[in-house]
Each structure stands twice: as C-alpha cells, then as structure tokens.
Amino acid sequence: MATHDLERAMSYDDSKKPYASSPGITPRHKDFAVVTEGWSDRGLVGATKRLMLRCTDLGAEARGIHPISLEERTPGRGPLINMMTIWLSPNSTILTFSLGTLGPAIFGMNARDSCLTILFFNLLSNMLPAYLGTWGPKMGLRQMTIARYSFGYYGVAIACILNLIGMFGFCMLNAVSGGQALSATSGGDLSWTVGIVVIAIIALFVSFMGFRVLHAFERYAWIVINIMFIIMAGLSGKHLHHVWDTDLPSASAGAVLSFGSTVMGYGMTWASLASDYSAYLPPETSGTTLFAAMYAGINLPLILIQSFGACAYVAMPFVPDWQAGYDADGLGGLLDAMLAPAGNFGKFCLGVLAIGICTNNAPTIYSCGLTLQTLLPFLSYIPRFLLSLVVTGIYLPIAIVVATRFNETLNNFLACLGYWIALYGAILITEHYLFRGGKFSNYDVSAWNSPRLLPAGIAAFAAGMCACGPVAVSMAQVWWTGPLALAIPGHGDVGIELGFATAAILYAPFRYLERRCFGH
C-alpha cells in the first residue's frame, strides 16, 4: 500500500473533534476526543467524561487501538533503544528466576542440563516475538489488531480471548511472586495477600498513565533490578559450587523437551503483544535493528536470571538456611535467605526485587486493555486507562486464591500458554509470506476496522482447530500425556513445535480456498 494510503488510514479530522480548537491541546487530548466522540456532555455521562478528561490532563493515556498516525511516530535512536529496555525490564523479575527453578524442582534436572535447556529454547522461541515486533512500525497498529488481517474482524475474538487468559495468568503469577517476596521482607508480618495487593496497585498506576510513562518506567527499572540480582549473586555465590555435589542424573529427552516447552511458554508469549510497543516507531525503522534490539532485550535477562534460579534451587538442599526459607515462605523465603548475609540491606534489596515485578505487570495490563478493545470493538470508545482498572479487578482476587499452589500453577500455565501462541505465530507468518508476498504494502491499513474488507477468518480458525489434534497427541501435562509424548523417553512435550508446523502447513490451502470464495 502506498504511503499516502497509510496517511489516510491514520489521519483524523481534528477540526471536527471536541477540544480541537482549544489552546494548549496535547496529543493526549486529541486521543481523548477520538475515543469519546459521541459522548453526551450532560448528566452522569457528561460528569464521567469530565472526570476522565481530568485524568487525561494529569497524564493518563486515553488512546486505544486506533492507528498511530505518521505525525505521532517518534524517530531517532532513543525510541529504538527504548525497544530494548522495554523488554529488558519486564523480563528481569523474580518470576523469571522462579521459572528457572522448575527445571530441577519439577523435572528433576541438574544445573548443567537446566541451563543448557534454558539457553537453547530461549534462543529458538524468542525469535517469534522479536520478529512480530518489527511489524508495528510498518503498520502503525497494535498486535491483536494486526491479527485481524489473518483471523478476520470477528474471528480474531478467539485469539483475543486466549491472549487475555494468558495475560491475566501472567499478572496473577507476577503478583503472587512479588507478594511472597514482600511478605518475606517483613519477616512474615505482612501477609502474602497484602503483598499481592500492593504489587497490583503499583502496576495499575503505571499502566493507567499509558505508553510514555510506561516507557520511562521500563527505561531505567531494569538497571536497578539487575543491580539487586548482581548483589544477590555476590552474596550467594560461595554456595553455588554445590551444584556439582548433587546426585541428580543427566536429564532424559522427555525432561529436556518438557522443561523446554515451559521455557518457551514464557518468552514466546510476548508475541501476542509485541507490536503494542513498537507501533510508535516510524515505518522507515530498520527491521533488522529493531529485531536485534527486541531479541537481545528478551533473551539477555531470561537466559541469565533463569539459569541463576536453576543453580540456586539445585544448591538449596546443601544450604540449610535456604531450604528453611523456601519451606517457610516459598520463593520469597528462598530469596530472603540468599540475601540474609547483607542484613537489613538485604531486606531492602528483596523489597526492590518484589516491587520490580511491576515492570512485567504494567505492560501486560496495558496490553490487556488493547486486547479487550479488539475483542469488543465498542470498548474502543472508552478510554484505555479505565480498562486497566477492569483488568486489575479480575486478576487480583484470582492471584490471592492460587498463591498457595504457585509452582504447580506456574508450570501448568506456561506450558499450556505456549501451544496457542505457536499456532497464532504460524498463521500470521504464513499469511504474510505466502499471501502478502512478505510486503507490508500489500496490507490495506485503512481496512483495520472494516469487517467486509478483512479476511473472513475461516482459514485461520480451521487451521488452528486442526492443529489442536497434533498438539493433543504430543503434549505432556500432569492432566494429560499424549501417545506421541509417551513414546519419547521420559515423556517429552513437543506440542509447541508440532503445533506450529501443522498450523503453518494447513493454513496455506485453507487460506487459498477462503480467498477463492470471499475474494480477500
């Protein structure tokens, strides 16, 4: 599609918008005007509108899934660097550390096998979110809105629902891990429940304010958080040699594949919201440079911190204080024991790590609002910051309930989450290269909100449903192990890999038939 078509798709006639001719109008006010167009200025609706406008004056972002115009893009090296830091921060968390412990804790793997699995499965799977993130600048659309060009205007609802389940789950698990850590800093005086609520409130504030505050928060948070991890490594390093004293055997093929599936289910799931944060970059942004920035931003913290978590858990039985802390307070107790040699300063470091979990929840809550607007288009006429309140109200009580079954919940959730992301990514990539010629000029961005101009979505639905069969026979979970997984020594989970391949292969003929029947 030509550049002038892109400009037409993303432009708004500001002269027809409320507040457009008023002095001191900012882009936030224009976003608010677009979102609330048609709202009455009288009665309860008018009072609500004035209250939300006041929130906008204070810096809250109203913009939702509407395309980002070329004038609103932010060129330069700084925004590109932000695309690395916005992934460094949310992946530098104690939930990442906790995921690394699952190798030895759930799959009985030693430190060497756990770390090698973490390394190679992260390098493989995180190419998907880094690549899909390069689509944002080219189209100026958010990730789930881009999915309409494969799944259709109505069919994308299935992807949105699965994405919401995944993001709610991540918010929940983040809040639990942060709440446990906060509880540990108080010596148990602060309950897990109160800690979870504190984490949820802080994350809500950052996501409520919107994209620019979120970027500013993530730009620097990773530095502070990783300094805390370095301090913890320095204090606990003298005990990590015990990883060589364990009698854990070499991992079976099944253990490697199943733990690898869990690892992929963590980083790869960023693919469903990758373009939410890159859409503000100009279309001439180098795709290679952007891919490298995002790929490094996701992989560096995941590989290093997950490996640290695996080694700490393997060494834990040889350090009585670590074992006692873990038995008493779970993950938070283990972290507290590792930082204990620093005394009160160690408590401070643990508190920073606990609050740092908000770097993951804040962008996730932000993207939940965008996904809700794609699922239910009428919500695009509600300021996005209000949806952050709804999201928090949903995941917070669930987090409190599952807090006592953290490790089991984390493993089962992440492994299952990876399955649908694999199907999603395969369908989008197949559409892009086989039916769009790998060119973004073949996407009519002006059709982003027009059901009749978008694909019917039948091909995506059919390919996804058919791929569920191979996923089912090749998955290995506590509640179900498929016959193909049973055939692998140690019962290995290859559902993600097989699901991706099947969805990509089947989507091609289904989409060809769909285009023949519907014309697009």
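This is a short walk through the structure above, from the whole chain down to a few residues.

Okay, ground rules before the details. This is a predicted model, where local features need pLDDT of at least 70 and side-chain atom pairs count only at pLDDT 80 or more, while totals for chains, interfaces and linings use all residues. Residues are numbered from 1 along each chain as its sequence is written, and side-chain values use heavy atoms, with hydrogens and water left out.

So, the big picture. The chain has 23 helices and zero strands; helices here are DSSP runs of H or I with at least four residues, strands are runs of E with at least two, and numbering starts at the N terminus. There are 520 residues, and 58% of them count as buried. By buried I mean under 20% relative accessible area, with exposed being over 50% and partly exposed in between, using a 1.4 Å probe and protein chains only. The accessible surface comes to about 19600 Å², and carbon and sulfur atoms own 68% of that. Those areas are from the Shrake-Rupley method with a 1.4 Å probe, and for residues only the protein chains shown count as cover.

What about contacts, meaning heavy atoms within 4.5 Å? Take the ones with a separation of 6 or more: 84% are between residues 24 or more positions apart.

Now the inside. A nonpolar core is a set of buried Ala, Val, Leu, Ile, Met, Phe, Trp, Tyr and Cys residues joined through side-chain atoms within 4.5 Å. The largest one here has 137 residues, and those touching the most other members are Trp87, Phe97, Leu132, Phe229, Met232, Trp322 and Tyr424. Helix α11 gives this core its largest share, 15 residues. If you want one residue to click on, try Met232: setting aside neighbours within four places in sequence, Met232 contacts Phe97, Phe308, Leu335, Met338, Leu339 and Leu353.

Helix α11 turns up on the outside as well. Ile158, Ile161, Leu162, Ile165, Phe461 and Met465 make a nonpolar surface patch, with about 550 Å² of accessible area together. Two elements give two or more residues to that patch, α11 (156–185) and α21 (458–474), and α11 has the largest share with four. For the record, patch residues have over 30% relative accessible area and no salt bridge; like charges are joined within 9 Å, and nonpolar side chains (Val, Leu, Ile, Met, Phe, Trp, Tyr) within 5 Å.

On to charges. Side chains of opposite charge can pair when their charged atoms come close. How many salt bridges does a search of the whole structure find? Five, where a salt bridge is a side-chain nitrogen of Lys or Arg within 4 Å of a carboxyl oxygen of Asp or Glu.

Let me show you three. Arg112 and Asp113 pair at 3.1 Å, N to O; Arg112 is partly exposed at 45% relative accessibility, whereas Asp113 is buried at 10%. Then Asp336 and Lys347 meet, also with 3.1 Å from N to O. Asp336 sits in α16 (residues 320–339) and Lys347 in α17 (residues 344–356), so this pair ties together parts that are 11 residues apart in sequence. Asp336 is buried at 18%, and Lys347 is partly exposed at 28%. The third is Arg436 with Glu431, at 2.8 Å, N to O, and both of those residues are buried. Shared partners link Glu431, Arg436, Arg511 and Glu514 into one salt-bridge network.

And then there's Glu218, in helix α13 (residues 211–236). Glu218 is buried without a salt bridge, and Arg219, the nearest side chain of opposite charge, is 10 Å away. The count takes Lys and Arg as positive and Asp and Glu as negative, leaving out His and the chain ends. So what does Glu218 touch, not counting residues up to four places away in sequence? Thr85, Ile86, Ser89, Pro90, Thr359 and Pro363.

Last stop, toward the end of the numbering. His491 is in the loop between α22 (483–486) and α23, and has a positive phi, near 60°, despite not being a glycine. His491 is partly exposed, at 40% relative accessible area. Gly499 is in α23 (residues 495–518) and counts as buried, because its relative accessibility is 0%. Its C-alpha is 5.3 Å from that of Val471, though the two are 28 residues apart along the chain. Beyond four places in sequence, Gly499 contacts Leu423, Ala467 and Val471.

Methods: Contact means heavy atoms within 4.5 Å.
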